[in-house]
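Please open the model in your viewer and keep the sequence panel visible. The tour below proceeds by selection, one element or residue group at a time.

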Amino acid sequence: MVPGAIICCGVYGAFVHVGIAIDDNNIIELHGNGLVRAISRARFLDGRSGERLFIACDKNATALCDTDAADRAIRQLYSYRNYHVLKHNCYYFISEILTGKAQRVTTFDDFNMLLKNKFNSSVYWDEVV
């Protein structure tokens, strides 16, 4: 993982949770209580059904990264946001971090389209080892 890389894992087989890496072991996420926090890889997976982390990559398996977005995410640490599982969720939060503006991104499909447009690349989710 590198700063600015987009990370995901499965949640109970029904959702995909996303965050942004800030270094090799820490990921910033929007928690379900609205807290923006930095957590380890292990904690990102803890309590979720996914046992593996995935990273957004291009067709050459190069991580899609935005270091400016990682910096924006760090500036949001320990703030609270109006969380809603369908409207203001992790996709919405990370899309705002990536673009610098609020957008209606509420599903994983929407999120993948945003990544495709932002990085001008197809998106492949490769396992983090």
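**Helix α4 and its aromatic contacts**

Select D109 and N117 first: in this predicted model, both residues are exposed, on the other side of α4 from its buried residues. Next, display the whole of α4, residues 108-119. This helix has 12 residues and reaches 16 Å from its first C-alpha to its last, close to the 16 Å expected at 1.5 Å a residue.

Now colour the buried residues of α4, namely F108, F111, N112, L114, L115 and F119. They lie on the same side of α4, because the arc they cover around the axis is only 160°.

Move to the end of the helix. N120 follows α4 and has a positive phi, near 50°. Select K118 and F119 as well: the charged end of K118 sits over the ring of F119, 5.4 Å from its centre.

Turn then to the ring pairs. How many aromatic pairs does the structure hold? There are 3. In one of them, the ring centres of Y91 and F108 are 6.0 Å apart and the planes stand at 45°, so the pair is tilted. Y91 belongs to helix α3 (residues 90-99) and F108 to helix α4, so this pair ties together parts 17 residues apart in sequence. Y91 and F108 are both buried.

Add W125 to the selection. The rings of F108 and W125 have centres 5.5 Å apart and planes at 40°, so this pair is also tilted. It links F108 in α4 with W125 in strand β6 (residues 124-127), 17 residues apart. W125 is partly exposed, with a relative accessible area of 21%.

Finally, select Y91, F108, F111 and W125 together: ring pairs link these residues into a cluster.

Methods. Residues numbered from 1 in each chain as written. Predicted model: local features only at pLDDT ≥ 70, side-chain atom pairs only at ≥ 80, totals over all residues. Heavy atoms only, no water. Helix = DSSP H or I, 4+ residues; strand = E, 2+ residues; numbered from the N terminus. Expected span 1.5 Å × (residues − 1). Buried < 20%, exposed > 50% of the residue type's maximum accessible area, 1.4 Å probe, protein only. Arc of directions from axis to C-beta. Phe/Tyr/Trp six-rings, centres within 6.5 Å; stacked < 30°, edge-to-face > 60°. Lys NZ or Arg CZ within 6 Å of the ring centre and 35° of its normal.
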